[in-house]
Amino acid sequence: MRIIKTVLLCAITGSLLSIIGCGGNSPDSTALTRIESPGAEKKEEQIKTYYVNEDVTELIQMKTTVHYDKETDKYLAALNALKKSPKESLYSLCPNTTFLSAQLESRQLTIDLHLPEVDRMGASGEGLLLEALSKALFQFNEVDTFEVLVDGGEVDSLMGHYDLPSPFVRQE
C-alpha cells in the first residue's frame, strides 16, 4: 500500500511539474519573460494637428500627443493623427486615408498615401486638406519641402480641384 501511495504521489507531482513547466505559452507567462531593449522606448511629442468644423469651412488647430519609435517615424505619426479628431465637434479631413510612408531626405519629405473615394471632397475640402497637410508637416523645422505621392505615383491633383505644388515649399 505504501508503494502505491509513493508511486501515485510521484506521478501527481511529475504531472503537476510538467503542466507548470509547459505552461510557458500562456499570455501571462510570455508577458513576464519579455525583455525590452533600452532603445525600444517610445518617444512622445506634442504637435499641432488640424481638423474642420461641421460645415467644413474652417480649419481648426488642436494640440495632440503622438508616440513613435524612431525619429523618422514622427512624420507618419503626425499624419495619422490627422485621421481622428480629438473632439466630437471637429472632423477629420482624411479619416479613411492610409498614409503609406513618410521619408525625409535632404530636408525634403516624401509622403505616400492611399486616398479612398469616401475621403474625396469638393474644392473647399481639398483646399483645407492641403492646408492641413502643409501646416502639420511644416511645423517640423527639418522639413523644408514635401512631395505627395498617391499609391506610389506622382499626381497633379489629389481630388481634381487644386494642382499640387511639386514640391510644397515652406513659406517664411
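# A guided tour of the model

The protein chain holds 4 helices and 7 strands. Keep in mind as you click around that this is a predicted model. Colour the chain by secondary structure and follow it from the N terminus: the elements come in the order α-α-β-β-α-β-β-α-β-β-β. The chain has 172 residues, and 34% of them count as buried. Among contacts with a separation of 6 or more, 59% are between residues 24 or more positions apart.

**Stop 1: helix H3**

Select residues 74-81, which form helix H3. How many of the 8 residues of this helix are buried? The count is 6, so the helix is largely enclosed by the rest of the structure. To see them, show Lys-74, Tyr-75, Ala-77, Ala-78, Leu-79 and Ala-81 as sticks. A charged residue, Lys-74, is on that list of buried positions.

Now bring up the surroundings. What do the buried residues of H3 pack against? Four strands take part, namely S1 (43-52), S2 (59-68), S3 (98-105) and S4 (108-114), together with helix H4 (123-138).

**Stop 2: the loop after H3**

Move along to Pro-86, in the loop between H3 and S3. Is Pro-86 buried or exposed? With a relative accessibility of 47%, Pro-86 counts as partly exposed. Setting aside neighbours within four places in sequence, Pro-86 is in contact with Tyr-51 and Met-62. If you like to check distances, pick the C-alpha atoms of Pro-86 and Thr-49: they are separated by 9.7 Å, while the two residues are 37 residues apart along the chain.

**Stop 3: the S3-S4 hairpin**

Select S3 and S4 next. These strands run antiparallel and are joined by 7 bridges. For one facing pair, label Ala-102 and Ile-111: Ala-102 stands opposite Ile-111, which belongs to S4.

Then zoom in on the turn. The hairpin has 2 residues between its strands, and Ser-106 is found in this loop. Which sign does phi of Ser-106 take? Phi is positive, near 55°, in a residue other than glycine. Switch on a surface and you can see Ser-106 on the outside: Ser-106 is exposed, with a relative accessible area of 71%.

**Stop 4: from S4 over H4 to S5**

Keep S4 on screen and add strand S5, residues 145-150. How do S4 and S5 run relative to each other, parallel or antiparallel? They run parallel, with 6 bridges between them. To place one of the pairings, label Leu-109 and find Phe-146 in S5, its bridge partner. Add H4 to the selection as well, and S4, H4 and S5 make a right-handed β-α-β unit.

Step just past S5 to Asp-151, which lies in the loop between S5 and S6. Here is another residue other than glycine with a positive phi, this one near 50°. Asp-151 is partly exposed, at 47% relative accessible area.

**Stop 5: a cavity**

Time to look inside. How many cavities of 30 Å³ or more does a search of the whole structure find? The search finds 1, and the largest cavity has a volume of about 30 Å³. Select Cys-94, Thr-97, Phe-99, Leu-113, Leu-115, Leu-129, Leu-133 and Leu-158 to show the lining. Colour this selection by residue class, and you get 7 nonpolar residues, 1 polar residue and no charged ones.

Several of these names link back to earlier stops. Phe-99 lines the cavity and falls within the range of S3, 98-105. Leu-113 is also in the lining, and its number lies in the 108-114 range of S4. Leu-129 and Leu-133 are lining residues too, and both numbers fall in H4, 123-138.

**Stop 6: a cis peptide bond**

Finish with Ser-166 and Pro-167. Is the peptide bond between them cis or trans? The bond from Ser-166 to Pro-167 is cis, with omega near 0°. Pro-167 has its place in the loop between strand S6 (153-154) and strand S7 (168-169).

Notes:
Residues numbered from 1 in each chain as written. Predicted model: local features only at pLDDT ≥ 70, side-chain atom pairs only at ≥ 80, totals over all residues. Heavy atoms only, no water. 1 Å grid on protein atoms, 1.4 Å probe; cavity = no way out; pocket = protein on both sides within 12 Å on 5 of 7 lines; lining within 4 Å. Points joined across faces, edges and corners; volume = space filled by probe spheres on them. Nonpolar A, V, L, I, M, F, W, Y, C, P; charged D, E, K, R; others polar. Buried < 20%, exposed > 50% of the residue type's maximum accessible area, 1.4 Å probe, protein only. Contact = heavy atoms within 4.5 Å. Pairing = 2+ DSSP bridges. Right-handed = clockwise from strand over helix to strand, strands pointing away.
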